[in-house]
Amino acid sequence: MTQGVEPTDELFAVKNGQHDERDVAAPNGSQPSLGRGLGWSALMLVMVSVSAFVYLIGYSVYLTLVQSHSATLLDVDTIETLTLAHSESVDALFGLLGLETLFVLPLLLFAAHFKGQSWRQTLAVKIFSRYWFWLASCLFLAYLAVSISVDMLWVSEPDDFIAKMLGTKSLWASIALVVFAPLVEEFFFRGYLFAMLRPTRLGAWGTLVMTSLLFTLAHAGQYQWSVLCVVGLLALFLGYVREKSGSIWLPILFHALNNLLAVVFVIWLGVS
């Protein structure tokens, strides 16, 4: 049915009372063990905070340098207030997500590399088949239909995160959301976490649900519950495509496409 991939015969099938062979932890440490994987994952989350801190420090230094050439000098409290206000603006997305990518991605690739297995194998960095591309495209259209239906049924004021981006036409924020966010999030959730949980007793279904839940919770501070339901559905779709195609590139591609559509409507057309 496919070429170049190793899908299961059925959706997460259990054959003859035995789990799929990928449900069993790989030998010789060729997959992230649960303990080791959780430790590296925690460090990556710390690096997300560190990258944000570095960006804020950098912006504070920038304000200090700018004010040295200005007739009006800013005190420390004013610089701090302006820095915090900037961190919540659309313009800050490029710097925040760019530094997050720079800090987290190399660490993630290092953690995914083993003596008997490269990070490409761990994170499923491989070519996907045309069959799964077209099937994923159809599933994505179905997801969009559900997403639009939810938006029409639950009409409400846009979240603060969306409201501040409406009609800004920010090119830098667009690049951050379409390039940086899908790359880091997919390599982490459908890449490293997926590889860590898939060989455990959770199996395919449990891994799909757990990574989708964590992905949704990671966006809880940005959206209201109705939008989070759509985010969760997106995560399930991306996880399913990752499992069945055996490639991380399809989730990255459709995550970027989803964000691109959102960017066009929200940032460039001002439609919430």
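## A walk through an all-helix model

Let's start in a loop: Ala124 is found between helix 4 (119–122) and helix 5. Keep in mind as you look around that this is a predicted model. Ala124 has a positive phi of about 60 degrees, even though it is not a glycine. That is worth a second look because most residues other than glycine have a negative phi. As for its surroundings, Ala124 has 3% relative accessibility, so it counts as buried.

There is another positive phi further along. Lys169 lies in the loop between helix 6 (160–163) and helix 7 (171–197), and its phi is near 55 degrees, again in a residue other than glycine. Lys169 has a relative accessibility of 47%, so it counts as partly exposed, whereas Ala124 is buried.

Now zoom out for a moment. The protein chain comes to 10 helices and zero strands, so if you write its pattern along the sequence you get α-α-α-α-α-α-α-α-α-α. Of the 272 residues in the chain, 44% are buried. If you take the contacts with a separation of 6 or more, 81% of them come from residues 24 or more positions apart.

A good place to see such a contact between helices is where helix 5 meets helix 10. Their axes come within 11 Å and cross at roughly 35 degrees, and the crossing is right-handed. On the helix 5 side, the residues involved are Trp132, Phe133, Ala136, Ser137, Phe140, Tyr143 and Leu144. Helix 10 (residues 249–268) answers with Leu250, Leu253, Phe254, Leu257, Asn258 and Leu261. What kinds of residues make up this contact of helix 5 with helix 10? They divide into 11 nonpolar, two polar and no charged.

Several of those names come back once you follow the rings. The structure holds 18 aromatic pairs. One of them is Phe128 with Phe133, a stacked pair at 6.3 Å centre to centre with 20 degrees between the planes. The stacked label applies because planes under 30 degrees apart count that way, and this pair has 20 degrees. Is this pair's Phe128 buried or exposed? Neither, quite: Phe128 has a relative accessible area of 25%, so it is partly exposed. Phe133 is at 25% relative accessibility and counts as partly exposed too.

Compare that with Phe140 and Phe237, an aromatic pair that is tilted, with 6.0 Å centre to centre and 40 degrees between the planes. This pair links distant parts of the chain: Phe140 sits in helix 5 (residues 130–153) and Phe237 in helix 9 (residues 225–245), 97 residues apart. Phe140 has 3% relative accessibility, so it counts as buried. Phe237 is buried as well, with a relative accessible area of 8%.

Both pairs belong to a wider network. Ring pairs link Phe128, Phe133, Trp134, Phe140, Tyr143, Phe237 and Phe254 into a cluster. Phe133, Phe140, Tyr143 and Phe254 also turn up in the contact between helix 5 and helix 10, so you can trace the cluster and that contact together on the screen.

One last ring deserves a stop, this time with a charge beside the aromatic system. The charged end of Arg190 sits over the ring of Phe215, 4.5 Å from its centre.

Technical notes: Residues are numbered from 1 along each chain as its sequence is written. This is a predicted model: local features need pLDDT of at least 70, side-chain atom pairs count only at pLDDT 80 or more; totals for chains, interfaces and linings use all residues. Side-chain values use heavy atoms; hydrogens and water are left out. Rings of Phe, Tyr and Trp (its six-membered ring) pair if their centres lie within 6.5 Å; planes under 30 degrees apart count as stacked, over 60 as edge-to-face and the rest as tilted. Buried means under 20% relative accessible area, exposed over 50%, partly exposed in between (1.4 Å probe, protein chains only). Helices (H or I, at least four residues) and strands (E, at least two) are DSSP runs, numbered from the N terminus. A charge sits over a ring if NZ of Lys or CZ of Arg is within 6 Å of the ring centre and within 35 degrees of the ring normal. Axes are lines fitted to C-alpha atoms, for helices over the stretch in contact, and angles run from 0 to 180 degrees between N-to-C directions. A crossing is left-handed if the near helix is turned anticlockwise from the far one by less than a right angle, and right-handed if clockwise. Contact means heavy atoms within 4.5 Å. Ala, Val, Leu, Ile, Met, Phe, Trp, Tyr, Cys and Pro count as nonpolar, Asp, Glu, Lys and Arg as charged, and the others, Gly among them, as polar.
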